[in-house]
Amino acid sequence: MSDDGDRGLPGKGLVQGLAVTLKTMTKRSTTQQYPDVEPELPPRSRGVIALSEENCTVCMLCARECPDWCIYIDSHKEEVVVPGAARARQRNVLDRFDIDFSLCMYCGICIEVCPFDALHWTPEFEYAETDVLDLLHDKNRLGEWMRTVPPPPAHDVLGEPSKEEATAARKAAGPGAATAAKTARPAVKRPETGR
Amino acid sequence: MPIWLELIVRVVAVVVAFLVLPLVVGQAEHKVMAHMQGRLGPMYAGAFHGWAQLVADGVKFVQKEDVAPGEADRRVFRLAPIVALFPYLLVLLAIPLGPNGLVAQALDVGLFFVLAVLGVGVLAVLMSAWASANKYSLLGGLRGAAQLLGYELPLVLAAASVAMAAGTLSLPGIVEAWNPWWLLWQAPAALVFFIAGLAEIRRPPFDMPIADSELVFGYMTEYTGLRFAFFLLAEYVGIVVIAALTTVLFLGGWHGPFADQLGWLWTLVKIFAVSFVIIWFRVSYPRLREDQLQRLCWLVLVPVALGQLVLTAVVKVIM
């Protein structure tokens, strides 16, 4: 008991130790009762990737940008006859859209690059499998995840207005009042004459 | 009541206490330790906050194979857990629960008997250590023997101080003679007794013989199944016994409001309070090194206990 000689009363450390454990006992414990109680995940949690099939144009950007090459896309072209048009239009039809979640590293690049909002993060994370091959989610399975996609977070009331909103406001105000809307985004200079 | 019926009732009561109290204390340890570490502890067994965890553990231990090492001294190896457990059962016989003879066996030399029987514990440690034919067991057992022999001295000296103050060796007699003023007068002895008692039952921070980070599990390394469970049970009964002895000798046993009707409750409340402190110490303090352990015993506890003896004698002579 001679080890704590240089800090005040002898035995002070012992009492402090007891105090710490007693204080911790009276606080709520941090344990999460996970299987019984659903965890409260933070917004924008990266659980699994959902596919909104009708938004996909088979542009292949996601598959090309994927660092792991874990997105597999097959498609064919279909002719769509548009009445009144000179000739039939061509349209891409998705045959296969698979994401292999045994390879995916959840970087989210595919979701970032998608120009048409076909891919979304969802916080769902309970899709473990006993067979690694079952982690290859096809487009139906990916489509089912769409139900769990949370609504986008509300816009920050103090933040800059989105590009679309600013443009609409300028259009509504007419060509003369363009300067008022420009004050919010001084860097952007765009020829916005009323068409 | 015929004598044989009374005998059966007393023995059954002690056996029930022997089986129930350690489980309650063990469960309390699970939960208290968990919450002190910011956890929840057992939550599933028995559906409500894991109250049946130790029962489930017991069932698990019964199912396990009883393995004895090939080189082991079989008979001694098998006997050791019983020897570890049995003294505590005998001690419980002599501990008074309430006034008016609410004790399984009122002994005139109760204190002497209790201390003598507690001393058998070292035998179990040495038996299990030597018979296991395992170097870790042996090291743990020798550490245990050194510790138990060392701490026996302050334990007995502190208890002797109370016996001198009360003028009797009978445990109910000591509680009868107890006075709230003793809390102050016998405070050093109480402290010495409690700390030495912790070392006697090899609880952290005095668990050098077990020291799982150095000696695997000390003298219990080779034990499995039910015999291992006996050692664990002995640890929990040990908590109850040391808490009960501290209560009876230093905290006034059944003394409290309505002692005539609720004396037994006061004893139990005090036992559980002391048990809580024992668990609390385990959570708060790291294990003492072997040399620190011996220093604490011989350079602090023994002198304090001797000083207390002098103090007790002086006060006794003056008053």
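This short talk walks through a predicted model of a complex of chain A and chain B, beginning with confidence and then taking each chain in turn before the contact between them.

Since everything I show comes from a prediction, let me start with the scores: the predictor gives the complex an ipTM of 0.72 and a pTM of 0.76. For chain B the mean pLDDT is 86, with 99% of the residues of chain B reaching 70 or more.

Let me stay with chain B, which contains twelve helices and zero strands, so that reading from the N terminus one simply passes α-α-α-α-α-α-α-α-α-α-α-α. The radius of gyration of chain B is 20 Å, close to the 20 Å that the globule rule gives for 319 residues, and chain B is therefore as compact as a globular protein of that length. Taken along the principal axes, the box filled by the C-alpha atoms of chain B is roughly 60 × 50 × 45 Å. Of the 319 residues in chain B, 45% are buried, and if we take the contacts in chain B with a separation of 6 or more, 78% of them join residues 24 or more positions apart.

What does the interior look like? The largest nonpolar core has 92 residues, and those with the most contacts inside this core are B:Ala159, B:Ile174, B:Phe193 and B:Val240. Helix 10 of chain B, residues 225-250, gives the most to this core, namely 17 residues. If you would like one residue to centre your view on, I suggest B:Phe193: leaving aside residues up to four places away in sequence, B:Phe193 touches B:Leu155, B:Ala158, B:Ala159, B:Thr246, B:Leu249 and B:Phe250. There is also a second, separate core, of 17 residues, which includes A:Cys66, A:Cys110, A:Leu119 and A:Leu142.

That brings me to chain A, which has six helices and five strands, arranged along the sequence as α-β-α-β-β-α-β-β-α-α-α. Of the 195 residues of chain A, 10% count as buried, while residues 24 or more positions apart account for 66% of the contacts in chain A with a separation of 6 or more.

The sheet in chain A deserves a closer look: it is an open sheet of three strands in the order 2-3-5, with antiparallel pairing. Strand 2 and strand 5 (136-137) of chain A are the edge strands, each pairing on one side only. Strand 2 and strand 3 (residues 89-100) of chain A pair in the antiparallel sense over ten bridges, and two of the partnerships are easy to find on the screen: A:Ile73 has A:Phe97 as its bridge partner in strand 3, and A:Glu78 has A:Arg91. Is strand 2 largely buried or in the open? Of the ten residues of strand 2 of chain A (residues 71-80), the number buried is one, so this strand lies largely in the open.

Finally, the interface, where 13 residues of chain B are in contact with nine residues of chain A. On the side of chain B that touches chain A, helix 1 (3-36), helix 11 (259-284) and helix 12 (290-318) of chain B each supply at least two residues. By residue class, this side of chain B divides into eight nonpolar, four polar and one charged. When you weigh this arrangement of the two chains, please keep beside it the ipTM of 0.72 that the predictor gives the complex.

Key
Residues are numbered from 1 along each chain as its sequence is written. Chains are lettered from A and ligands numbered from 1 in the order in which they are written. This is a predicted model: local features need pLDDT of at least 70, side-chain atom pairs count only at pLDDT 80 or more; totals for chains, interfaces and linings use all residues. Two residues are in contact if their C-beta atoms, placed from the backbone, lie within 7 Å. Helices (H or I, at least four residues) and strands (E, at least two) are DSSP runs, numbered from the N terminus. Ala, Val, Leu, Ile, Met, Phe, Trp, Tyr, Cys and Pro count as nonpolar, Asp, Glu, Lys and Arg as charged, and the others, Gly among them, as polar. A residue is buried if 20 or more other C-beta atoms lie within 10 Å of its own, exposed if 12 or fewer, and partly exposed in between; C-beta atoms are placed from the backbone. Two strands pair if DSSP finds at least two bridges between them. pLDDT is the predictor's confidence in each residue, from 0 to 100. The radius of gyration is taken over C-alpha atoms; the globule rule is 2.2 Å times the number of residues to the power 0.38. A nonpolar core is a set of buried Ala, Val, Leu, Ile, Met, Phe, Trp, Tyr and Cys residues joined through C-beta atoms within 7 Å.
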